[in-house]
Amino acid sequence: MKKLKIRTKMMLWYTLLTGILLAVFLPVLYHTIAATLLDSEKNNIGATMSIAESSIEFDNGHLSIGDELKAPANTFIIIWDKSGQVIYANTQKNLFYTIQFTEGNPYRIYYNNEDWLVLDKTVQENNHVVKIRICSSIDKMEAVLNRTLFLMLVVIPLFLLITIIGGLFIAKRALRPISKITDLASEIGHGDLSKRITGIESMDEVGELANTFNEMLASLENSFEKEKRFSSDSSHELRTPVAIIMANAEAILAATPGADPTTAANTILAESHRINTVICQLLMLTRGIEGKYQIQLEEVSLPVLTDAVLEQLQEEAASKVITLVNETADVTVQADQSLLTQMMLNLVGNAIKYGKPDGHVWVKAEREGDGCLITVSDDGIGIMPEELPLIFDRFYRADKSRDRSGSGLGLSIVKWIVDMHGGKIELESTPDQGSIFLIRM
Ligand code: ADP
């Protein structure tokens, strides 16, 4: 049984159930029909007996049978007087005269290849005793029953056959998507995630399974693509500084005429810092993705944290003549202090990096319901509307040519930190006018 296909198992089960149902139901039906027909025959023979009784006339000690006594088709009446003399009979059939007179309920006899129902009754009036016998053929009833039995014996196997064929057909159709899923799964086993199950219109359970499978494939393909892009972007991001380091180190070693070893060494140092930053950011994100980061929640004062961040970035802001403004209210949040500092450093750092000379960066924080709303806004270069949905993607940089200092990981880290705190981040930006990041946590 274990090795059988589902559709064969289904077919066997419902054939068995249908078979059992028919085997129980049809005999019950047959017996009910037989009992009903027999009851009707008994009523008929009883009615004939009543007619026979009422046709007997006892007149001044004289016994006679009225003319109105007429037996229905295939029914015979025999009437005897008390001396055993036949006073009325519409049959010559011997047996009807010889079988023992048995009063009470109608009984059945088999005579001359026919089934008969016999009813005997003794009628008494004054001194007269009369015996009446009614014999009625129930062969028609038997014929009906035999036909019913024959039909049932033909119908049961035919019904089972139709059930098997129809059931197999329906099961095959219903389970077709599963075969498609199996075929597709083995094709995907060879690495092609772009395949989908097609041609399934029905929205039954199996259709839903096919849809869910397609959705799962789409999301797998998407994640797979992202991972591929992540790996290629990481290598690309690290390859450029490594190439610069190698070129400068080779220039120093070869003592290239005109090359300043100090400048070359400084470049090597700067590029090494860059590699270090990218590796640290990557490590942070990877630990985040793998769920290895243990968040340490504590009461964090936002004005104090903002002051510390702005102080750290003051020099960088001053170099671009950008004014940093702390407008945070006296709000505290339950947060991981080092993660929140990192988030603020990235946001304010970006606001300075993408700010305009003589510009401003404002950091605000206020209570909002049970949580708080933090906003970091600037009057810098802004972001194009079509780039807004991609801005939190890893390694995405709006305009790669304008600033080599970024890696495109800062906002992914911000998003991850906000997610870790169960918060939400939104971005509004107008090109050439500035951006505003809103964080609710
Ligand atoms: P990056 O290291 O390049 O700054 P981020 O992930 O921090 O990477 O930011 C992704 C991109 O979003 C940046 O390259 C930049 O184009 C854009 N961006 C981020 N913050 C701002 C901002 N305040 N104003 C304008 N553009 C911004």
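Student: Into how many nonpolar, polar and charged residues does the lining of the second largest pocket divide?

Tutor: This is a predicted model, and in it that lining divides into six nonpolar residues, one polar and seven charged. The second largest pocket itself has a volume of about 320 Å³.

Student: Which residues lie nearest the centre of the second largest pocket?

Tutor: Of the 14 residues that line the second largest pocket, Lys226, Phe392, Asp393, Arg394 and Ser412 lie nearest its centre. Helices H4 (205–253), H5 and H8 each supply at least two residues of this lining.

Student: How much space lies in the largest pocket, and which residues are closest to its centre?

Tutor: The largest pocket holds about 970 Å³ of space. It is lined by 40 residues, and those closest to its centre are Asn346, Asn350, Lys353, Gly406 and Gly410. Two or more lining residues come from each of helix H5 (261–289), helix H6 (302–319), helix H7 (337–353), helix H8 (410–420) and strand S14 (434–440). H7 gives the largest share, eight residues. By type, the lining of the largest pocket has 17 nonpolar, 15 polar and eight charged residues.

Student: Which domains supply the two linings?

Tutor: One should begin with the division of the chain, which comprises domain 1 (6–161), domain 2 (205–289) and domain 3 (298–440). The lining of the largest pocket takes at least three residues from each of domain 2 and domain 3. For the second largest pocket, too, domain 2 and domain 3 each provide at least three lining residues.

Student: How many residues of domain 2 and domain 3 are in contact?

Tutor: There are 19 residues of domain 2 in contact with 15 residues of domain 3. The centres of these two domains, taken over C-alpha atoms, are separated by 23 Å.

Student: How should a helix be read, and where does H3 bend?

Tutor: In general, an α-helix has 3.6 residues a turn, so residues three or four places apart point the same way. Helix H3 covers residues 139–188, 50 residues in total. From its first C-alpha to its last, H3 reaches 72 Å, close to the 74 Å expected at 1.5 Å a residue. H3 bends by about 45 degrees at Leu175, and the proline Pro177 follows within four residues.

Student: Where does Pro106 lie, and with which residues is it in contact?

Tutor: Pro106 belongs to the loop between helix H2 (95–98) and strand S5 (107–111). Leaving aside its neighbours within four places in sequence, Pro106 is in contact with Lys42, Ile45, Leu117, Val118 and Leu119. Separation along the chain may also be set beside separation in space: Pro106 and Ile134 are 28 residues apart along the chain, and their C-alpha atoms are separated by 9.2 Å.

Terms used
Residues numbered from 1 in each chain as written. Predicted model: local features only at pLDDT ≥ 70, side-chain atom pairs only at ≥ 80, totals over all residues. Heavy atoms only, no water. Expected span 1.5 Å × (residues − 1). Bend = angle between axes of the 7 residues up to and from the residue. 1 Å grid on protein atoms, 1.4 Å probe; cavity = no way out; pocket = protein on both sides within 12 Å on 5 of 7 lines; lining within 4 Å. Points joined across faces, edges and corners; volume = space filled by probe spheres on them. Nonpolar A, V, L, I, M, F, W, Y, C, P; charged D, E, K, R; others polar. Domains from an automatic or database assignment. Contact = heavy atoms within 4.5 Å.
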